[in-house]
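Grab a viewer and a pencil: here are a few short exercises, each with a worked solution. Try each task before reading on.

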Amino acid sequence: MGLDQLRGKLAYQGLLLGGVALLTGAALVLADRATLADIKRAQAADMKQSLAQVLPGQYDNDLLQDTVTLPGPEGEVTVYRARRAGRVEAVVFQVQGHGYAGPVVSMMGVDRDGHVLGVRVIQHKETPGLGDKVEPAKADWIHSFEHRFLGDPPADKWAVKKDGGVFDQFTGATITPRAVVNSVKGGLVFFQKERARLLDDGSGAAAALPKPSLSGNTATKME
Amino acid sequence: MSNQYTRITKDGLWDNNIVFAQILGMCPTMAVTGSATNGLGMGLATTAVLVAANALVSAVRNLVSPDVRIPVYIVIIATLVTLVDVSLNAWAHDLYKVLGLYIALIVANCAVLGRAEAFAQKVGIAPAAMDGLMMGLGFTFALTLIGGIREMIGAGTLFANAHLLLGSGFAFLETTVIPEYKGYLLMILPPGGFLVLGFLLAGKRIVDKRLAEREALAATPQAAAV
């Protein structure tokens, strides 16, 4: 029987589809095997890079291995812990706010006293030219959080100026900076609440948190 | 035979251009042409898939029965796109960070299936691959042009961030066309894509009409003499 006759048969078509699926499936499995390790490595490098941006300074542990997952304001939060000589010096975690065109996801670093080390928006769909000024490449705005904590400004002033707070909004875009400011504030509240567990320093829930009124003393630790 | 390749080249780049003549692949055309660099990157990735898909479809064209050809082609194209996706992710990770979002979109680009269906399944492997290459380059040309116009009017720059796509050797491409430009948001947002495409389509019509008139004039010299 020639190929032309064979091609008309119903069974041939089923076998053909099955064969194609088998071959392409095999190709995908091989490709997945061949690339998996390299992709993991590249993603870990990416993660390290974005962690380093919100975490100035030197730490002696592998942050990607030292994580703790806790219930946060927006579901589970994975917290990366940076240690020096075994002591947790700072933590990094993701926070999320509601922007103009969807979620605005930021990565923030907080030191053990609750001071913001750095914030970077890692994912957003805000309007180019307006809302995207939260990116450090477009404006310096995102640096305005650095060294601040709940107390400087006080909690009710952690807002954009339009809402009676201290942080600038952008001309023509208030929603995006509001989303970032509120999510960072939420992150600091989360840190305050979970501080003992996050810092993992054995002192348990008794660990005293610097009260906003005492903040002047802790401010001397800033670099 | 060489005549056939000239035809394929002309078709792919101009006469039957995926964007400007077939008006196919509008999803990537509108979605990624906010800047010339993005357009170029998407075009090149699509070209790679087009060449491979056309060659493969041509290679199996005698085995595939006509009744199930569409699912077979789709599976082949989807596999190729996934292969491009994972290999870029693993071995050209910086490029992947720029293009990653768009690569999965190539599956949805009906131009790829269109070429398999309209051309590759009827001819040998070499002309099919050539067609993929030329159609891809035509697509790249169209996307880069639309992206360049939108970027120039919308942001005042051209080929911004080209070094991320092509390596630092191509940083010289990055130019600021209008310094201190405040930007014209509309062009970067989706309406800009439709506007630019509309004007370009109209422009191609005019050029094609002029060309046809000139050809008609050359073919009938006595008419021209009158």
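Helices here are DSSP runs of H or I with at least four residues, strands are runs of E with at least two, and both are numbered from the N terminus. Keep in mind that this is a predicted model.

**Exercise 1. Work out which pattern of helices and strands chain A follows along the sequence.**

Solution. Start by counting: chain A has four helices and five strands. Now put them in order, and chain A reads α-α-β-β-β-β-β-α-α. As for packing, buried residues make up 28% of the 223 residues in chain A.

**Exercise 2. Find out how S1(A) and S2(A) pair, then do likewise for S2(A) and S3(A).**

Solution. Begin with strand S1 (residues 67-72) and strand S2 (residues 75-84) of chain A, which run antiparallel and share six bridges. One pair to look up is Thr69(A), whose bridge partner in S2(A) is Thr78(A). Two residues sit between S1(A) and S2(A), and the two strands form a hairpin.

Next, S2(A) pairs with strand S3 (residues 87-98) of chain A, again in the antiparallel sense, over five bridges. Here Arg83(A) stands opposite Val88(A) in S3(A). S2(A) and S3(A) also form a hairpin with two residues between them, and Ala85(A) in that turn has a positive phi of about 50 degrees.

**Exercise 3. Say how far apart the C-alpha centres of the two domains of chain A lie, and what touches what.**

Solution. First the bounds: the domain assignment gives domain 1 as 3-51 and domain 2 as 57-221. Their C-alpha centres are 41 Å apart. For the contact itself, five residues of domain 1 meet seven residues of domain 2. On the domain 1 side, those residues split into three nonpolar, one polar and one charged.

**Exercise 4. Check whether the end-to-end span of H3(B) agrees or disagrees with 1.5 Å a residue.**

Solution. Helix H3 of chain B covers residues 36-59, 24 residues in total, so at 1.5 Å a residue it should span 34 Å. The end C-alpha atoms are 34 Å apart, which agrees. While you're there, look at burial: 19 of the 24 residues of H3(B) are buried.

**Exercise 5. Identify which helix gives the largest share of the side of chain B that touches chain A.**

Solution. The contact takes 21 residues from chain B and 20 residues from chain A. On the chain B side, helix H4 (69-91) and helix H9 (185-188) each supply at least two residues. H4(B) gives the largest share, with 12 residues. By class, that side of chain B has 12 nonpolar, eight polar and one charged residues.

Notes
Residues are numbered from 1 along each chain as its sequence is written. Chains are lettered from A and ligands numbered from 1 in the order in which they are written. This is a predicted model: local features need pLDDT of at least 70, side-chain atom pairs count only at pLDDT 80 or more; totals for chains, interfaces and linings use all residues. The expected span of a helix is 1.5 Å times one less than its number of residues. A residue is buried if 20 or more other C-beta atoms lie within 10 Å of its own, exposed if 12 or fewer, and partly exposed in between; C-beta atoms are placed from the backbone. Two residues are in contact if their C-beta atoms, placed from the backbone, lie within 7 Å. Ala, Val, Leu, Ile, Met, Phe, Trp, Tyr, Cys and Pro count as nonpolar, Asp, Glu, Lys and Arg as charged, and the others, Gly among them, as polar. Domain bounds come from an automatic or database domain assignment. Two strands pair if DSSP finds at least two bridges between them.
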